[in-house]
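Reader: I have the sequence and the model open. Walk me through the empty spaces and the packing, and tell me what justifies each term.

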Amino acid sequence: MGDRDQAIMDALPEAPVTPAADALEGWRSGVVYQVYPRSFSDTDGDGVGDLAGILDHLDYLNDGSPDSLGIDAIWLSPIYPSAGFDSGYDVSDYSAIDRIFGTLADFERLVAEAHRRGIRVILDLVLNHTSHLHPWFVESRASRTGLRSDWYIWRDPAGYSPAGRPRRPNNWVSFFGGPAWTWDATREQFYLHTFLPQQPDLNWRNPAVRAAVLEIIRTWLDRGVDGFRFDVFNAFFKHADLPSNPYRLGGRRAYSRQVHLYDKNQPELVELLAEIRQIVDELPGRMTVGELFEGSVRQAAAYTAPGHLIFDFSLIRQPWSARAFARAIAEREAAFGPGGWPTIVLSNHDQSRSASRYDDGPHGDARVKVAATLLMTLRGTPFLYYGEEIGLRDVAVPWAEIQDPAARRSRFLSSWWNRDQARAPMPWGPGPIAGFSTARPWLRMSPESATRNVASQTADPGSVLSYYRRLIWLRRSRSALSVGSYEEVGIGDASVFAYLRRAADQAALVVLGFGRRAVTVALPESPSGRPWRAVLSTHDPLPPAGDRLELRPLEAVIFVDD
């Protein structure tokens, strides 16, 4: 960690002012389900998922009974009007709903019906940048003296080449490849874009920008939203002088060959986060979760506050290894400490699905169930990506069908994993379109849809979905599993990872087998002194009570001592 990162951490308040703990407990104990709206369910037959489709499946998510999945909140990826250059992450109107998803009235019905079922609604807010077609940017690029001329980051050339071409202000590069500066002939200046040229970065140092964005947050809170996911929040501020970043050796892409000292993680972010949190905290039980853009576990822990979470993606990067996960979780626990509250993430819309990362052929679903147990029993708030509950895999997308703009433009510039592969439509039942739509979907369906779908797995008590349901409802019933403390337990075998969760007079022991062979392990003594009793296993039948466990290959077991 560099001096700048440490300075940011030192500036964070030790005891931030927050709402009452009971109003925030749901964000600690609950499970958040990420919906990628384009791919969840299509009701109007255009091949693209919509808000009405999400509404139709709220009972599937939680109808109050163990026959439903049992989640507590849904996070919706962007649903605002967009030019579509980055699948909705290039917003052209922050206060409206894109017509491909429906209307504001549809959204209000969705929020009302979700709340009626006890499901909270989280919106994705993309505040580092807008679309180049947003009226703010259209006005900003029109003149150097207009009302919004300074709402984006504009700079004069650093000089001119012998051929008269303008030189870029510094060496910054786009995360998606190529320079981070694009020349605008109208203003005769460069503008900054951390991502695509169609995603110009807002100038957060301008008080008018700050006020406008904070008003957007208030608008959605007034509409009943329960929280926000902030896209790449630690990139909001750039160094005021825009110096070039130092270079470093290694890295497959140009972005990773720079040390990003000046284009993110600036000290001014601390004050802004405090202001955002104050606004959100005015309404009881609201929350935020920030996407830490290319950051460390220690940075994630430093930015976290009660009711305000930070995504820690360290678990996504781990190989299928008990030791690797144990090390990563130990590092995370050390960073957050007993008073901090982490998030638990194994997949999302930007990453390869966990079922594909861990797949090894015939044992793939067994690994998925072990990973599910890890996700739902670690200390922290789990975020479950749609389709993970049925073991949905990545879907290969031919070049001609790629929608991900970064993947298309990186063909000759750099290596970029096509994110479309993790965004395939949700298969609800058998048939050529798997109940997702009546038309050709915007992305191709999984080739396994005929058998790997919600209807088929609902009817199979041994399916991934059936296991997820039992697991989540067990988590809901046991405070030790949802809000308890965490302690790693040595179990005597390198292929096994075990830990103890405790809350008040409850205790739970989680044993995860990562190996393909059966092993016998000694269980630690329970806090109560009573024998451990298995309440859930990925295998049938449940192991018998006792102080030793005959752990079957790729088996996860949860024990209680009452």
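**Cavities, cores and a pocket**

Author: This is a predicted model. Start with the second largest cavity. Its lining consists of Phe-230, Phe-233, Leu-273, Ile-276, Arg-277, Thr-288, Val-289, Gly-290, His-308, Leu-309 and Ile-310. Helix H8 (268-281), strand E8 (287-291) and strand E9 (308-311) each give two or more residues to that lining.

Reader: What makes Phe-230 a lining residue of the second largest cavity?

Author: A lining residue has an atom within 4 Å of a cavity point. Phe-230 is listed in the lining of the second largest cavity, so it meets that cut-off.

Reader: How much space lies in the second largest cavity, and how do its lining residues divide?

Author: The space is about 80 Å³. The lining divides into 7 nonpolar, 3 polar and 1 charged. Arg counts as charged, so Arg-277 is the charged one.

Reader: Why is Gly-290 in the polar group of that lining?

Author: By the rule used here, Gly counts as polar, so Gly-290 goes there.

Reader: How many cavities are there, and how much space does the largest hold?

Author: The count is 5 cavities of 30 Å³ or more. The largest holds about 90 Å³. Because the cut-off is 30 Å³, this cavity counts.

Reader: What surrounds the largest cavity?

Author: It is lined by 13 residues. Leu-346, Ser-347, Ser-354, Glu-388 and Tyr-468 lie nearest its centre. Helix H11 (354-357), helix H12 (364-377) and strand E11 (381-385) each supply at least two lining residues. The lining divides into 9 nonpolar, 3 polar and 1 charged. Glu counts as charged, so Glu-388 is that one.

Reader: Why is the largest pocket called a pocket and not a cavity?

Author: In a cavity the probe fits but cannot get out, whereas a pocket is an open set of points. The largest pocket has about 1400 Å³ of space. Its lining has 48 residues, with Phe-175, Arg-253, Phe-293, Glu-294 and Gln-351 nearest the centre. Helix H1 (3-11) and helix H9 (297-303) each supply at least two of them. The lining divides into 16 nonpolar, 15 polar and 17 charged.

Reader: How do you know that Tyr-33 is buried?

Author: Tyr-33 belongs to the largest nonpolar core. Core members must be buried, so Tyr-33 has under 20% relative accessible area. That core has 117 residues, and Tyr-33, Ile-74 and Phe-497 touch the most other members. Helix H7 (residues 207-222) gives the most to it, with 8 residues.

Reader: What makes Leu-500 part of another core?

Author: A core is joined through side-chain atoms within 4.5 Å. Leu-500 is in a core of 17 residues that lies apart from the largest one, along with residues including Leu-509, Leu-549 and Val-557.

Definitions and conventions
Residues numbered from 1 in each chain as written. Predicted model: local features only at pLDDT ≥ 70, side-chain atom pairs only at ≥ 80, totals over all residues. Heavy atoms only, no water. 1 Å grid on protein atoms, 1.4 Å probe; cavity = no way out; pocket = protein on both sides within 12 Å on 5 of 7 lines; lining within 4 Å. Helix = DSSP H or I, 4+ residues; strand = E, 2+ residues; numbered from the N terminus. Buried < 20%, exposed > 50% of the residue type's maximum accessible area, 1.4 Å probe, protein only.
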